[in-house]
Amino acid sequence: MDFLSKKARAIAPYTAGEQLRDRTYIKLNTNENPYPPSPAAAQALRTFPAQELRRYPRPDADDLRAAIALAEGVSPENVFCGNGSDEVLALSFPAFFDGEGAGACFADLTYSFYEVFAAFFGIPKKIVPLKADFTMDLAAMRAQDCQGYYIANPNAPTGVGIGRAQMEEFVASVPEKIVILDEAYMDFFGESCVPLTKKYANVLVVRTFSKSYSLAGMRCGYAVGSAALIAGLLRMKDCFNSYPVDAVAQAVCRAAIGDRPYYEGVIARVKAERERLQAALRGMGFTVPESRANFLFAGRGAVGGRQVYEGLKAQGVLVRHWDGPLLNDFVRITVGTPEENTILLEKLQNILS
Ligand SMILES: *Cc1c(COP(=O)(O)O)cnc(C)c1O
């Protein structure tokens with residue numbers, strides 16, 4: 001007797017990237033930012049008054065919402081904050097999808113948490129294969145009978161992006177269906193669909209402090225959408241955890257989003273290295289779809305993804321590899337600092353020769 005529910009026994013949970021502590025690795029496996037959070041965010045952390053922690057934080061993170069609204073050019077009622085964008089995405093399933101409905105539609109190769117959340121909340125899924133060039137098949141998705149869509153843009157783990165104009169065309173063509181745009185990596189692309197949330201009632205954009213803001217350890221993400229969609233998320237939040245964003249995270253993320261100039265510099269550096277790394281990998285014979293994110297999806301046919309992953313790990317460099325028909329040949333490599341990327345390329349050369 002293990003007391004577990006049928007769901008707990010049967011569900012296949014999401015597998016997070018390795019956080020190994022057995023030696024010092026060059027860690028290019030979970031798309032973290034190689035640069036530190038902004039000095040303003042660090043200052044907010046250092047000066048946070050400990051006595052404040054005896055009180056619960058603001059349940060809806062109102063000061064942070066206001067700061068996000070200012071940065072995104074919307075009103076606070078258009079912003080919802082959660083404990084990482086994973087939690088925002090999780091709450092969006094029960095907020096916008098019915099167990100007995102037509103389900104949530106997403107690509108076969110995309111953020112694997114969507115599938116886990118659909119299973120967890122008992123929501124049917126409609127899976128649409130990516131095209132051979134790793135782009136999303138929006139026409140095939142449009143034709144699906146579903147309640148709505150999850151689209152990671154740029155997509156993970158491929159890094160492929162969809163421009164705002166093309167996204168708008170899609171959104172406008174499915175006015176009866178909700179389109180949830182996961183923009184975890186959008187700062188590395190610059191085609192955010194937040195402006196579309198003012199024009200289209202069916203668009204919800206989800207963003208995070210984990211990647212471009214160098215704050216994965218703070219666990220904070222947010223959604224931008226119509227006041228009605230945001231109210232739906234708030235209802236779900238208050239059925240689960242009234243205080244998902246802790247007081248320290250609220251203060252630190254508020255300082256971070258107020259310091260865009262610092263982050264513009266960080267983002268520019270990551271993008272420049274992405275281009276260098278992409279060219280170098282292609283020069284070594286890897287297939288790399290054009291990345292708009294802070295990582296590269298690289299495959300080299302005969303040298304399988306597992307072999308690359310294991311060969312790099314043995315040399316102290318962690319990248320991400322998944323087993324699976326579409327994924328076997330590939331590894332996903334986070335863009336690091338110039339020094340880290342140079343070491344990565346050296347170690348890769350060792351494996352190939
Ligand atoms: C990293 C990531 C997230 C979530 O990150 P949080 O740390 O929970 O904010 C969401 N979507 C995609 C596609 C990601 O890669």
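## Aromatic pairs and buried helices in a predicted model

A search of the whole structure turns up 22 aromatic pairs. Keep in mind as you look around that this is a predicted model.

One of these pairs is a good place to start. F134 and F330 meet edge-to-face, with 5.5 Å from centre to centre and 80° between the planes. F134 sits in the loop between strand 4 (125–128) and helix 6 (138–142), while F330 belongs to strand 11 (residues 330–334), so this pair ties together parts that are 196 residues apart in sequence. Both F134 and F330 are buried.

F330 has another ring partner to look at. The ring centres of F297 and F330 are 4.3 Å apart and their planes are at 5°, so this pair is stacked. Because F297 lies in strand 9 (residues 295–299) and F330 in strand 11, the pair ties together parts that are 33 residues apart in sequence.

Are F297 and F330 buried or exposed? The cut-off for buried is under 20% relative accessible area. F297, at 0% relative accessibility, counts as buried, and F330, at 10%, counts as buried too.

Here are the two pairs that involve F330, side by side.

| Ring pair | Centre to centre | Angle between planes | Arrangement |
|---|---|---|---|
| F134 and F330 | 5.5 Å | 80° | edge-to-face |
| F297 and F330 | 4.3 Å | 5° | stacked |

Elsewhere, ring pairs join several residues into a cluster: Y14, F93, F97, F106, Y111, F113, Y114, F117 and Y150.

Now for the helices. Which residues of helix 8 (residues 227–237) are buried? They are L229, I230, G232, L233, L234 and K237, so a lysine is on the list by the same under 20% cut-off. These buried residues pack against helix 3 (62–72) and helix 4 (84–96), and also against strand 2 (79–82), strand 6 (178–182), strand 7 (203–208) and strand 8 (221–224).

Just ahead of this helix, S226 is found in the loop between strand 8 and helix 8. With 18% relative accessibility, S226 counts as buried. Apart from its neighbours within four places in sequence, S226 is in contact with N78 and A201. The C-alpha atoms of S226 and K199 are separated by 9.2 Å, and these two residues are 27 residues apart along the chain.

Helix 3 can be read in a similar way. Its buried residues are L64, R65, A67, I68, A69 and E72. The elements that cover them include helix 8 and helix 9 (247–257), along with strand 2, strand 7 and strand 8. After helix 3 comes G73, which has a positive phi near 75°.

Finally, the chain as a whole. The protein chain has 12 helices and 11 strands. Its radius of gyration is 20 Å, close to the 20 Å that the globule rule gives for 353 residues, so the chain is as compact as a globular protein of that length. Along the principal axes, the C-alpha atoms fill a box of roughly 55 × 55 × 50 Å.

Of the 353 residues, 53% count as buried. Among contacts between residues at least 6 apart in sequence, 72% join residues at least 24 apart. The accessible surface comes to about 15500 Å², and 54% of it belongs to carbon and sulfur atoms. As for charge, the chain has 38 positive and 39 negative charges, whose mean positions are 2 Å apart.

Key
Residues numbered from 1 in each chain as written. Predicted model: local features only at pLDDT ≥ 70, side-chain atom pairs only at ≥ 80, totals over all residues. Heavy atoms only, no water. Helix = DSSP H or I, 4+ residues; strand = E, 2+ residues; numbered from the N terminus. Rg over C-alpha atoms; globule rule 2.2 N^0.38 Å. Buried < 20%, exposed > 50% of the residue type's maximum accessible area, 1.4 Å probe, protein only. Contact = heavy atoms within 4.5 Å. Areas by Shrake-Rupley, 256 points an atom, 1.4 Å probe, with all protein chains shown as cover. Lys, Arg positive; Asp, Glu negative; His and termini not counted. Charge placed at Lys NZ, Arg CZ, Asp CG, Glu CD. Phe/Tyr/Trp six-rings, centres within 6.5 Å; stacked < 30°, edge-to-face > 60°.
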